[in-house]
Amino acid sequence: MRAEIFAIFLALATAAPQDGYDKVPIIQQNLEVNPDGTHHYVYETGNGIYEDQQGYPKGPETQAVQGQFQYQSPEGHVIR
């Protein structure tokens, strides 16, 4: 599910400019998925969206993950 959220935010952040909005640059983006099931990803956009996540298999159908996410509200507050 987190991968889908990541893909949505990444698509929104890099979407073609519309109605006078500028294209938002990707400052950093890295995804590492290992054969043992562990993973790590991080991305940051020029408009203050940031997420990082690490995970590992905890069972045959269970994945343990931890990380953080933040963005800037329209009022200028950082939401975490």
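Q: Which residue in β4 is the bridge partner of Gly59?
A: This is a predicted model, so let us start with how its strands meet. Strand β4 covers residues 62-72 and pairs with β3 in the antiparallel sense over nine bridges. Within β4, the bridge partner of Gly59 is Thr62.

Q: What is the order of the strands in the open sheet?
A: Strands of a sheet pair through backbone hydrogen bonds, either parallel or antiparallel. In this model the pairing is antiparallel, and five strands take part. The order is β1-β2-β3-β4-β5.

Q: Which strands stand at the edges, each with a single partner strand?
A: The open sheet runs β1-β2-β3-β4-β5. A strand at the edge has a single partner, so one side of it is left without a neighbour in the sheet. The two that stand there are β1 and β5 (78-79).

Q: How many bridges join strand β1 to β2?
A: Strand β1 spans residues 26-33, and β1 and β2 run antiparallel. One residue pair to look for in the structure is Gln28 with its bridge partner Glu44 in β2. The bridges joining β1 to β2 number seven.

Q: Which residue in the turn between β1 and β2 has a positive phi?
A: Together β1 and β2 form a hairpin, with five residues between them. In that turn, a positive phi of about 95° belongs to Gly37.

Q: And which residue in the turn between β2 and β3 has a positive phi?
A: Here too there is a hairpin, this one with four residues between β2 and β3. Six bridges join the two strands, which run antiparallel. The turn residue with a positive phi, about 95°, is Gly48.

Q: Is strand β2 mostly covered or mostly open, and how many of its residues are buried?
A: Two of its tyrosines are good places to look. Tyr41 has 4% relative accessibility, under the 20% limit, so Tyr41 counts as buried. Tyr43, placed in strand β2, is buried as well, with a relative accessible area of 1%. The strand (residues 39-45) is mostly covered, and its buried residues number five of seven.

Q: What kind of aromatic pair do Tyr41 and Tyr43 form?
A: The count of aromatic pairs comes to two. For Tyr41 and Tyr43, the rings lie 6.5 Å centre to centre with 15° between the planes. Planes under 30 degrees apart count as stacked, so the Tyr41 and Tyr43 pair is stacked.

Q: What kind of pair do the rings of Phe69 and Tyr71 make?
A: Both residues are partly exposed: Phe69 has a relative accessible area of 22%, and Tyr71 has one of 34%. Their ring centres are 6.0 Å apart. With the planes at 50°, the pair is tilted.

Q: Which residue in β3 does Tyr41 stand opposite?
A: Strand β3 covers residues 50-59 and is joined to β2 by six bridges. The residue in β3 opposite Tyr41 is Gln53.

Q: With which side chain does the side chain of Asp52 make a polar contact?
A: Asp52 has its place in strand β3 and counts as buried at 10% relative accessibility. Leaving aside neighbours within four places in sequence, Asp52 is in contact with Tyr41, Val42, Gln66, Gly67 and Gln68. The polar contact, at 3.3 Å, is with the side chain of Gln54.

Q: How far apart in space are Tyr43 and Leu31, C-alpha to C-alpha?
A: In sequence, Tyr43 and Leu31 are twelve residues apart. Tyr43 lies in β2, and β2 is joined to β1 by seven bridges. In space, C-alpha to C-alpha, the separation is 8.5 Å.

Q: Which element has the lowest mean pLDDT and which the highest?
A: Along the chain from the N terminus, the elements run α-β-β-β-β-β. The chain averages a pLDDT of 83, and 74% of the residues score at least 70. The lowest mean, 58, belongs to helix α1 (residues 2-14), and the highest, 95, to β2.

Q: What share of the area that the protein chain exposes comes from carbon and sulfur atoms?
A: Of the 80 residues of the chain, 22% count as buried. The chain exposes about 5900 Å². Carbon and sulfur atoms supply a share of 54%.

How values were computed
Residues numbered from 1 in each chain as written. Heavy atoms only, no water. Phe/Tyr/Trp six-rings, centres within 6.5 Å; stacked < 30°, edge-to-face > 60°. Buried < 20%, exposed > 50% of the residue type's maximum accessible area, 1.4 Å probe, protein only. Pairing = 2+ DSSP bridges. pLDDT = per-residue confidence, 0-100. Polar contact = N/O pair within 3.5 Å; in protein donor to acceptor, adjacent residues only side chain to side chain. Contact = heavy atoms within 4.5 Å. Areas by Shrake-Rupley, 256 points an atom, 1.4 Å probe, with all protein chains shown as cover.
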